[in-house]
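Visitor: I'm new here and would love a close look at one part of this protein. Could you pick up from a single residue and then show me what surrounds the picture?

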Amino acid sequence: QVPLVESGGGLVQPGGSLRLSCAVSGSGFRTYPMAWYRQPPGKARELVATITSGGVTNYGDSVKGRFTISRDNAKNMVYLQIDNLKPEDTAVYYCNRNLHEGLVFAPYHDWGQGTQVTVSS
């Protein structure tokens, strides 16, 4: 069973905002890095943001200044605040434990179902 459940996606107009959530089950959450990935239609999955166990964050160049990753270790939750959404942000968004603290594509678990974000006017 995949211990990741993403939520919070939807249809948003350009310039809008969304807050994605990821519930992580299992022990040890506070000890490992987490990440958000996305897969645009017809394209490969890509890493967009990571956060270490201590809260240090890293972002892909295309999302810097617009995306904010955060975590609540008491609740086993990871969040992605997305502001100033653009049509090119349209994708299925996934969270996962990351095997690397930096911006390195290194997912640990099998993928969850993801949450669809569609940016369109």
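Which loop holds tyrosine 32, and between which strands does it lie?

Guide: Tyrosine 32 sits in the loop between β3 (18-24) and β4 (34-39). Before we zoom in, a word on what you're looking at: this is a predicted model, where local features need pLDDT of at least 70 and side-chain atom pairs count only at pLDDT 80 or more, while totals for chains, interfaces and linings use all residues. Residues are numbered from 1 along each chain as its sequence is written, and side-chain values use heavy atoms, with hydrogens and water left out.

Back to our residue. Tyrosine 32 counts as buried, at 6% relative accessibility (buried is under 20% relative accessible area, exposed is over 50%, and partly exposed is in between, with a 1.4 Å probe and protein chains only). Set aside its neighbours within four places in sequence, and tyrosine 32 is in contact with Val24, Ser27, Ser53, Arg71 and Arg97 (contact means heavy atoms within 4.5 Å). There's also a long reach along the chain here: tyrosine 32 and asparagine 98 are 66 residues apart in sequence, yet their C-alpha atoms are separated by 7.5 Å.

That kind of link fits into a wider picture. Looking at contacts between residues at least 6 apart in sequence, 58% join residues at least 24 apart. The protein has zero helices and ten strands (helices are DSSP runs of H or I with at least four residues, strands are runs of E with at least two, numbered from the N terminus). The radius of gyration is 13 Å, close to the 14 Å that the globule rule gives for 121 residues, so the protein is as compact as a globular protein of that length (the radius is taken over C-alpha atoms, and the rule is 2.2 Å times the number of residues to the power 0.38). Its C-alpha atoms fill a box of roughly 40 × 30 × 25 Å along the principal axes. Tyrosine 32 has buried company, too: buried residues make up 46% of the 121.

Now hop to some other loops. Arginine 66 is in the loop between β6 (57-59) and β7 (67-72), and with a relative accessible area of 8% it is buried. Its side chain makes a polar contact of 2.6 Å with the side chain of aspartate 89 (that's a pair of N or O atoms within 3.5 Å; within protein, one must be able to donate a hydrogen and the other to accept it, and residues adjacent in sequence count only if both atoms are side-chain atoms). Not counting residues up to four places away in sequence, arginine 66 touches several others, including Gln81, Asn84 and Asp89.

Asparagine 84, one of those partners, lies in the loop between β8 and β9 (91-97). Its phi is near 50°, a positive value in a residue other than glycine, and at 41% relative accessible area asparagine 84 is partly exposed. Asparagine 76 has a positive phi as well, about 55°, in the loop between β7 and β8 (77-82); with 18% relative accessible area, asparagine 76 is buried.

Last stop: glutamine 113, in the loop between β9 and β10 (115-119), is partly exposed at 48%. A polar atom of its side chain lies 2.8 Å from the backbone oxygen of glutamate 6, and beyond four places in sequence glutamine 113 is in contact with Leu4, Val5, Glu6, Val92 and Tyr94.
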